[in-house]
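Q: Could you take me through this structure step by step, showing me how to read each feature before we look at the case in hand?

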Amino acid sequence: MTEDLKTPDCIECGSRQVRHDPEFGFYKCENCSTVWSNDEDDPDYEEYDSDDCPSCGADSIHIVWDSMEESKRCEICDYMF
Ligand SMILES: [Zn+2]
Ligand SMILES: [Zn+2]
C-alpha cells in the first residue's frame, strides 16, 4: 500500500514515519510522537494531545464519551469533538 498523500518528514527527529490525521488535520510522527499542524491559523494544534480537550485544553480525565451525541465531550467546557 502506497501513500497517496505526501507527508513531510518529522519536524523533530526527521523520521519519515509521519502520519496525517485527516480528522484533526495534523501530522503525527510515529517515531517520536511529535504532533504538529500545517494550519498556520491554528497554532494550538502544535501541542495538541489527542486525549486532551482541543477547546480548553483540559486533561484527558475530563474527556467523556457522550453516547447520545456519539461524540467525545469535555466535562469542563462541554466542547464536543
Ligand atoms: Zn519524529
Ligand atoms: Zn474543554
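A: Let us begin with Ser 33, which is exposed because just 11 other C-beta atoms lie within 10 Å, where 12 or fewer count as exposed. Please keep in mind throughout that this is a predicted model.

Q: Where along the chain does Ser 33 lie?
A: Ser 33 lies in the loop between β2, residues 26–29, and β3, residues 35–37.

Q: What is the phi of Ser 33, and how should I read its sign?
A: The general idea is that most residues other than glycine have a negative phi. Ser 33 is not a glycine, and yet its phi is positive, at about 65°. The turn that holds Ser 33 belongs to a hairpin formed by β2 and β3, with 5 residues between the two strands.

Q: Which other residue that is not a glycine has a positive phi, near 60°?
A: Asp 78 has a positive phi near 60°, and this residue lies in the segment after β5, which covers residues 71–74. Asp 78 counts as exposed because it has 11 other C-beta atoms within 10 Å.

Q: How many helices and strands does the chain have?
A: The chain has 0 helices and 5 strands, and read from the N terminus on, its elements run β-β-β-β-β.

Q: How do the strands β1, β2 and β3 fit together in a sheet?
A: In general, the strands of a sheet pair through backbone hydrogen bonds, either parallel or antiparallel. Here an open sheet of 3 strands has the order β1-β2-β3, and its pairing is antiparallel. The edges are taken by β1, residues 18–21, and by β3, each of which has a single partner strand, so one side of each is left without a neighbour in the sheet. Neighbouring strands of this sheet are turned by 30° against each other on average, if direction is ignored.

Q: Which residues are bridge partners between β1 and β2, and how many bridges are there?
A: There are 4 bridges joining β1 to β2, and these strands run antiparallel. Asp 21 has Phe 26 of β2 as its bridge partner, while His 20 is matched in the same way with Tyr 27 of β2. The two strands form a hairpin with 4 residues between them, and Gly 25 in the turn has a positive phi of about 75°.

Q: What is the bridge partner of Tyr 27 in β3?
A: In β3, the bridge partner of Tyr 27 is Trp 36, and β2 and β3 pair in the antiparallel sense over 3 bridges.

Q: How are β4 and β5 joined?
A: Strand β4, residues 63–66, is joined to β5 by 4 bridges, and the two run antiparallel. One of the pairs to look for is Trp 65 with its bridge partner Lys 72 in β5. These strands form a hairpin with 4 residues between them, and Glu 70 in its turn has a positive phi of about 50°.

Q: Which residues does Ile 63 contact, once its neighbours within four places in sequence are left aside?
A: Ile 63, found in strand β4, is in contact with Asp 51, Cys 53, Lys 72 and Cys 74. Ile 63 is partly exposed because it has 19 other C-beta atoms within 10 Å, whereas a buried residue needs 20 or more. Its C-alpha atom is 8.5 Å from that of Ile 76, a residue 13 places away in sequence.

Q: What does Lys 72 touch, not counting residues up to four places away in sequence?
A: Lys 72, which is found in strand β5, touches Ile 63, Trp 65 and Phe 81. With 17 C-beta neighbours inside 10 Å, Lys 72 counts as partly exposed. The C-alpha atoms of Lys 72 and Cys 53 are separated by 9.2 Å, although these residues are 19 apart along the chain.

Q: What share of the residues in the chain is buried?
A: Buried residues make up 7% of the 81 residues in the chain. Among the contacts with a separation of 6 or more, 7% are accounted for by residues 24 or more positions apart.

Q: What is the mean pLDDT of the chain, and how should I use such a value?
A: The general caution is that where pLDDT is low, the predicted coordinates should not be read in detail. For this chain the mean pLDDT is 83, and 79% of the residues reach 70 or more. Among the elements, β3 has the lowest mean pLDDT, 88, and β5 has the highest, 94.

How values were computed:
Residues numbered from 1 in each chain as written. Chains lettered and ligands numbered in written order. Predicted model: local features only at pLDDT ≥ 70, side-chain atom pairs only at ≥ 80, totals over all residues. Contact = placed C-beta atoms within 7 Å. Pairing = 2+ DSSP bridges. Axes fitted to C-alpha atoms, helices over the stretch in contact; angles between N-to-C directions. pLDDT = per-residue confidence, 0-100.
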